[in-house]
Amino acid sequence: MTSLSITAANYGRGRSEENSILGHWPSFSFRNELFSNSITVGGLSGCSEGVWFRAVQESRVLSEKKFRVAAKIKRGKKHDYPWPDDIDPNTDNPLAYLSYFKPLDEKPKPVTLAFEKPLVDLEKKIMEVSRMADETGLDFSNQINALEAKYEQALKDLYTHLTPIQRLTIARHPNRPTVLDHIVNITDKWVELHGDRAGYDDPAIVTILGSIEGRSYMFIGHQKGRNTKENIMRNFAMPTPHGYRKALRMMKYADHHGFPIVTFVDTPGAFADLKSEELGQGEAIAHNLRTMFGLKVPIVTVVTGEGGSGGALAIACANKLFMLENSAFYVASPEACAAILWKSSQAAPKAAEKLRITAQEHYRLRIADGIIPEPLGGAHADPLWSSQQIKFAIIQAVEELSKMSTEELLRHRMLKFRSIGVGGYKEDGLVEPERKRNMKPSEVNAPKNADIESELEDLRNKIFEAKGPSDPITIGAVGKLEEDLDREMTKAFISMGLKDKIESLKLDIARARKPNQPLSRPLQEKADKIVKEFKQKLSWPGAYLGLKQKVQTLTMARRLIKLKEQSSRLKTEVNQKITLEIRAKMDHFKKALEKSSRGDSLDSNLAEELQMVKKELEDVLRSANLDIVGITKRKDEFKQPDIKEKAKQINKEISKEIESAVDRAGVRNKIEELKVEFAKDSSSEKVKKLEAEIKQRVASALSVSQLKEEVEKLRQELASSTRADVGAAVGADSGRL
C-alpha cells in the first residue's frame, strides 16, 4: 500500500527576500513509503505555464532521506501565438487566428535571377539619372522616360521568350506567393484545419476551409516558407506521410459535406528521408491517388510553383488541372535527370527542355486544361493580380463541373487521365490477342529473310548485267542503298543518344581544323570515343537489325562492283596482249572443237596446233600476272529454266491447296460477305473481324507441311545455283580458262 505524507517547509530562512534566490515559497514533501523515498516540490500558486524546475543541493534529514526540487517562474507572454492578447470582438474572421500564417514583420528582400541581370543594369541607370536630377535640379524627364520605355520593352522581350529552365527558376523564386498567400487573397473568410487524427500535423501541407462569393470550398496545398525560418518549419514544402493523410482526411470531410475541393501544388516532391519511408510514404501517396478518383465532388488543381513527381500528384488527381504561366510539373527535377543521363547537374537546362516541364508543353499535350497568366516579371511582381486570375479560373471550372451528375463527374475525371499519352487509351477499342508492337524503332520495318534474298539477287543481276562500273543502273542501285543506309544510321544515332555528340564534334572540327591538316589530338580522341560507343551499341545482339542488313548489302554491292572493275580491266589488258594471229588460230580451233563435240575426229596436226595455241595463251595470261587455275565453260546467261518451272508448279499446288482449305473451312459465304463490306468501307471494324475470322479458319484447315518442304528444297537449289552462276561469272570475267 502506498501512502503520501505532506510536510511544510520554508526555504531561504535567515536571508532577506532580496538576497534569496527563491524567496519565501511554501514547500511540500511527498513520501512514497512503498519506494522509501520522498520528493519535495515548491508550490507556486497562480502559475499554470512557463515553469521549469531546478534541482538544488541535496539536504540531509536525520529521520529520512529527501530530494528537494525548487521551482522558478519564467516571465513570458500570457498567450502563445497564434492567439493574440486581445482579440477584436468585432472581427469578421476570428477563426483565422487558428493558422500560424501571419504577415511578415519585414518586407522580403528583392532577389535578382541570373537571366534578369540586363534589367538590373537598366534599373541602375534609371536610378542614377533620377538621383542626378534630384541633386542638380535639372530636367532629365526625357532621358528617364526613354530609359523606362527601354526597360519595359526589355522586360516584355525577356519574359515572352523564356526557356524551360528560366521558367523553372521563376517557379522557385523565393518571393513567389505561397499557397496561403493566394488563399488569403481569394477567399472571403477562411479557417485552417489541422491534424491527421493520428497524433501528427504536418506543416508542409495546409488544409483550409474557406468561402468564395458565398460558396464553401476545401483548399489543400503544399506550403513553402517565405524565409529561411519558415522554410525549415515547413520542411521546404516536402510533406511526410502525415501530411498526405491529413489531406486525405480533409478530402473525405469535403466529400461528406459536398464542398468542392481545390488543391494547390507547389513542392519539389515528397520528403524522402528514412523515417518517412518507414512510416509508409509510398502507401500514403497511393492511398490518396486511389481515393481521389472516387470522390463525388468537383476537384480542381492549380500548379502555382513546381510540382515534383508523386508528391505533387498525390493531391492533383483532379477534373481540371490549371498551371500558372511560369509553373512547372515534372516526374524528376531537371537537375536529377541531368545527373542520371549526363552525369552532371550542369546539363539541367538541356534536361528541362527534353522533359517538357512547362505549362505550355503540358497544355499542348492535353495534360493541363488551361494556363493562368502571370504579370511580367512573374507572380511575385503582382501577387494580388495573380491571385485574382486563379480565383476566376477556379470559379469558372467549379461552375462547369457542378452541372455534371455524380456519375458524369467520376467518368470525366477518369477519362482525363485515360486520354493522356500518344493517342490515349480507347475504352471500347478491341485488344489484339497477341501484342505485335515492337518497341525498337530500327526494327519496325525490318525486311524478312525472303525479301532480303530477293533484294540481293536483284542487285547481283543488275551489277553483272551492267556494261561497266559507271553504268546508270548500277549507280542508281548503289545510290539508293547509300540513302537507305544514311536514314538507318540517323535513326541509330538518335536511338543511341549520339546525335548531339556528333553535331558538337562537327562544330568543333569546323572551328578548329584548317584545310589539308589532320585533326588535333583532343578532337581525334573525341571522335574515336564516339566511334567506339557506336560500335559497342551496334554489337548488341538483336539490336539495329535493319542497319546491320543495310551495311551488309552495301558492302556486298561494293565488293561486286570492285570485281566487275577488275574483270573489265583484265579483259582489256588480255585483249591488248593477244595478237591477231592468235585470235585467228583460236577461232579456227573453236570450229574444230565444235566438230569434235558433234563426234567428228580431229587429225593429229590439229591437236598439236591446239596444244601450241593453249601454251601461247598461257604465256599471254602469265604476262598479265594471272595464274591458270583451271578451265571452265562460260555461261552466257544466269537462267535456271528448270527451277522456274518448279517454282510455277509449286505456286499452282499452293493455290490448289488454298482453294481446298477454303472449301473444307466452309468460308465461301464469309468471303462473299467480306467483298460486300469491303466495297462499302474498307476500314470498318466489321471488315477487320471478317478478315481475322477467315484467316483463322483457313489457316486451321491448311495442310502445308509437304508444301513447306518443297519450297525449302527449291530455295536451297536456287541459292546453290545462284552461287555457282556468280562464281562462274566472276571466274570467266576474271580471265580464268
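In which crossing, left-handed or right-handed, does helix 23 pass helix 24? The tour begins there. Keep in mind that the model is predicted.

**Stop 1: helices 23 and 24**

Select residues 668-680, which form helix 23, and residues 685-701, which form helix 24. Their axes come within 10 Å and cross at roughly 155°. Because of that angle, helix 23 is roughly antiparallel to helix 24. As for the opening question, helix 23 passes helix 24 in a left-handed crossing.

Now show the side chains at the contact. From helix 23, pick Lys-670, Ile-671, Glu-673, Leu-674, Glu-677 and Phe-678. They meet Lys-686, Val-687, Leu-690, Glu-691, Glu-693, Ile-694 and Arg-697 of helix 24. Sorted by class, this contact has six nonpolar and seven charged residues, with no polar ones.

An α-helix has 3.6 residues a turn, so residues three or four places apart point the same way.

**Stop 2: helices 4 and 13**

Next, select helix 4 (residues 179-186) and helix 13 (residues 383-402). Here the axes come within 9 Å and cross at roughly 70°, which means that helix 4 is roughly perpendicular to helix 13.

On the helix 4 side, the contact is made by Asp-181, His-182, Asn-185 and Ile-186. On the helix 13 side, the residues to pick include Pro-383, Leu-384, Gln-388, Lys-391 and Ile-394. By class, the contact of helix 4 with helix 13 has five nonpolar, five polar and two charged residues.

**Stop 3: helix 3**

Select residues 164-171. Six of the eight residues of this helix are buried, so helix 3 is largely enclosed by the rest of the structure. The buried ones are Ile-165, Gln-166, Arg-167, Leu-168, Ile-170 and Ala-171.

What do these buried residues pack against? Display helix 2 (141-159), strand 10, strand 12 (328-330), helix 10 (334-341), helix 11 (348-355) and helix 12 (359-364), and the partners of helix 3 are on screen.

**Stop 4: the nonpolar cores**

Select Ile-220, Met-251, Ile-261 and Phe-329, the residues with the most contacts inside the largest nonpolar core, which has 29 residues. Among the elements that give two or more residues to this core are strand 8 (215-222), strand 9 (261-267), helix 8 (281-292) and strand 10 (299-308). Helix 6 gives the most, with five residues.

Centre the view on Met-251. Setting aside neighbours within four places in sequence, Met-251 is in contact with Ile-220, Ile-261, Met-292, Leu-295, Ala-314 and Ile-315.

Apart from this core lies another, of 26 residues. To find that second core, select Val-179, Phe-264, Ile-394 and Val-398, which are among its members.

Terms used:
Residues numbered from 1 in each chain as written. Predicted model: local features only at pLDDT ≥ 70, side-chain atom pairs only at ≥ 80, totals over all residues. Heavy atoms only, no water. Core = buried A, V, L, I, M, F, W, Y, C linked by side-chain atoms within 4.5 Å. Buried < 20%, exposed > 50% of the residue type's maximum accessible area, 1.4 Å probe, protein only. Helix = DSSP H or I, 4+ residues; strand = E, 2+ residues; numbered from the N terminus. Contact = heavy atoms within 4.5 Å. Axes fitted to C-alpha atoms, helices over the stretch in contact; angles between N-to-C directions. Parallel < 35°, antiparallel > 145°, perpendicular 65-115°, else oblique. Left-handed = near helix turned anticlockwise from the far one by under 90°. Nonpolar A, V, L, I, M, F, W, Y, C, P; charged D, E, K, R; others polar.
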